[in-house]
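Visitor: I am new to this structure. Please choose one part and walk me through it up close, with everything it touches.

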Number of protein chains: 2
Amino acid sequence: MSTSDGGGAYHHGDLRRSLIVAAHALLRAGGVEAVTLREAARLAGVSHNAPYRHFASREALLAALATEGFRALRQALDDAGRRAEPGGRLTALGRAYLRFADADRATFRLMFGGVVEEAGHPDLAEASGAAFGALRSVVAEREPSAGAEREALRAWALVHGLAHLVADRQIDAERAEACLT
Amino acid sequence: MSTSDGGGAYHHGDLRRSLIVAAHALLRAGGVEAVTLREAARLAGVSHNAPYRHFASREALLAALATEGFRALRQALDDAGRRAEPGGRLTALGRAYLRFADADRATFRLMFGGVVEEAGHPDLAEASGAAFGALRSVVAEREPSAGAEREALRAWALVHGLAHLVADRQIDAERAEACLT
DNA sequence: ACCTGAACACCGTTCAAGT
DNA sequence: ACCTGAACACCGTTCAAGT
């Protein structure tokens, strides 16, 4: 009801969301360093100070972006896993992982760039844990033998490394996908 | 002669180097966002404007840090390759790569974080190319068969992914090294 | 609750000088 | 050549108000 009642007094039914959308646009366009509270506020049409009602600091806004990124990644991994036959599940998840990195390089880098530390951002830690959990469980299901943990870690690292190389434009997404077997 | 003649008029025989050292300390202590020209100048004992004699912009300073990082990485890879027997060369390089990421996480992230683009920084592009070349040549020497390119890329991605996981503190360096076989 | 304007200490960058 | 001080437009963050 608060979203569409058209009241004129407050600009937004959901300023928090507007700020995240604006910040995401800034992130995609110019990387982390282009994400500023003041510019996000400008894009959302509010004063430079309004964001503090929703984010305690610039880092909190960045943490929210990273959190959304991990949720989207987890969603993509889950969808890929559901659509694949059991035998091809790991490859399907790997492809989804690589496509995520390729489609939103800036967010991928924010998620893994160390600018926001998970400590002190429980939502972020939870979202990141959930995304890794989705990947790990599928890896584990394919490697139930002895030495499974090491093989699971290798598979994870391979996908993760390929994703970084894709995000850094060192290789293109197709070559990366061909490495998944 | 200019380094130690103790002339009092100019603070430094090599302000450029002093600034890089200062910026590196800032990078290690607080990540990319903590690297500012003004603070580096302060640490070097010069006015906030002096750095512009040596770096055209903040990004140029960051590019210099990344360049030094790639040179150090290349050095570490070369040393590791020289010390290893031919059969264990790839593993040795992988270990050196992981140790580099573990020892200087912030620089590793700067090198691969996308904040500085290689285009427009030829020194950086050259240093990065040289480091990758060292890795690639050893990978290629171990995989001379058909499908070699794909296997080389897999090996590279594995090491790179492990290094990122180490830099992000998702796994520790020992577990990562155990994955190199 | 949610928003605003003024204020403070920072930063990158430029300019006009000084030796 | 190399350095300085003043200046400008930004930014994060805080404070005192307004509805």
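Guide: Let's start with a term we will need: a polar contact is a pair of N or O atoms within 3.5 Å; within protein, one must be able to donate a hydrogen and the other to accept it, and residues adjacent in sequence count only if both atoms are side-chain atoms. You are looking at a predicted model, in which local features need pLDDT of at least 70 and side-chain atom pairs count only at pLDDT 80 or more, while totals for chains, interfaces and linings use all residues; side-chain values use heavy atoms, leaving out hydrogens and water. Residues are numbered from 1 along each chain as its sequence is written, and chains are lettered from A and ligands numbered from 1 in the order in which they are written.

Our part is domain 1 of chain A, which spans 1-55, while domain 2 of that chain covers 58-181 (bounds from an automatic or database domain assignment). We begin where the DNA comes in. A side-chain N or O atom of A:R38 lies 2.6 Å from a base nitrogen of DNA strand D. A:H48 also reaches a base of this strand, with a polar side-chain atom 3.4 Å from a base oxygen. A:L37 works differently in its choice of atoms: a backbone N or O atom of A:L37 is 3.0 Å from a phosphate oxygen of DNA strand D.

Now widen the view a little. There are 19 residues around DNA strand D, and A:R38, A:R42, A:N49, B:S47 and B:N49 come nearest (a residue is near if one of its heavy atoms lies within 4 Å). On the DNA side, sugar and phosphate make up 42% of the strand D atoms that come within 4 Å of the protein. The element that gives the most to this surface is α2(A), with three residues (helices are DSSP runs of H or I, at least four residues, numbered from the N terminus).

Next, turn to the domain's neighbour in its own chain. The C-alpha centres of domain 1 and domain 2 of chain A are 28 Å apart, and their contact takes 14 residues from domain 1 and 13 residues from domain 2 (contact means heavy atoms within 4.5 Å). Together they bury about 1200 Å², and 71% of that lies on carbon and sulfur atoms (the accessible area, with a 1.4 Å probe, that two parts lose on being put together, summed over both). Three residues stand out here: A:L27, A:V32 and A:F55 supply 39% of the area that domain 1 buries against domain 2, more than any other three.

Charged pairs join in too, with two salt bridges between the domains (a side-chain nitrogen of Lys or Arg within 4 Å of a carboxyl oxygen of Asp or Glu). A:R28 and A:D104 meet in a salt bridge, at 3.6 Å from N to O. Six residue pairs are in polar contact across this interface, both partners at pLDDT 80 or more. On the domain 1 side, α1 (15-30) and α2 (37-44) of chain A each supply at least two residues, and α1(A) gives the largest share, eight residues. So α2(A) has a place both here and at the surface near DNA strand D.

Finally, look across to the partner chain. Chain B and chain A each bring 29 residues to their contact, and the area buried between them is about 2700 Å², with 56% from carbon and sulfur atoms. B:E33, B:L153 and B:R154 supply 19% of the area that chain B buries against chain A. B:E33 also forms a salt bridge with A:R58, the closest N and O atoms being 2.5 Å apart.
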